[in-house]
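Thank you all for coming; I would like to walk you through one structure this morning. Please have a look at it first, and then we will go through its parts together.

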Amino acid sequence: MFKYMEDYYLEPKQSIEDKFLKIEEEYTEIKMGICFSRGNSHIAQEVLDTILACKNMLRKMQDEGLIDIGTETFKHSVKLNQYLETGKYTK
């Protein structure tokens, strides 16, 4: 059984473009779930699928040497803290 999000790395041979298409597909499924009132549980599952697809894209970008997830996570936390403390983000 999988214990951590790191255990989920689906389709490592897919390209970054393929990963992006998967994110778009999952986003569309969220919109359809909302538009057709498919229920909160269904929508929640699609949101979680989207998060996983985004995580897989980040992992692929790191594998290809385009980013360091740790660095990007730190930069994002700084941005989030600025937003929470001041109500706006400045670079």
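**How helix 1 packs**

The residues of helix 1 that are buried (under 20% relative accessible area with a 1.4 Å probe, protein chains only, where exposed is over 50% and partly exposed lies in between) pack against helix 2, contact here being heavy atoms within 4.5 Å. Please keep in mind that this is a predicted model, in which local features need pLDDT of at least 70 and side-chain atom pairs count only at pLDDT 80 or more, while totals for chains, interfaces and linings use all residues. Residues are numbered from 1 along each chain as its sequence is written, and side-chain values use heavy atoms, with hydrogens and water left out.

Helices are DSSP runs of H or I with at least four residues, numbered from the N terminus. The buried residues of helix 1 are Ile16, Lys19, Ile23, Glu26, Ile30 and Gly33. Seen down the axis of helix 1, these buried residues fall within an arc of 100°, taken from the directions from the axis to the C-beta atoms, so they line one face of the helix. On the other side of helix 1, Glu17, Leu21 and Cys35 are exposed.

Let me take one residue from the buried face. Glu26, in helix 1 (residues 16–35), has a relative accessible area of 4%, and, leaving aside residues up to four places away in sequence, Glu26 touches Glu46, Asp49, Thr50 and Ala53.

Turning to helix 2 (residues 40–63), we find Ile51 there, and Ile51 is partly exposed, at 45% relative accessible area.

Key. Helix = DSSP H or I, 4+ residues; strand = E, 2+ residues; numbered from the N terminus.
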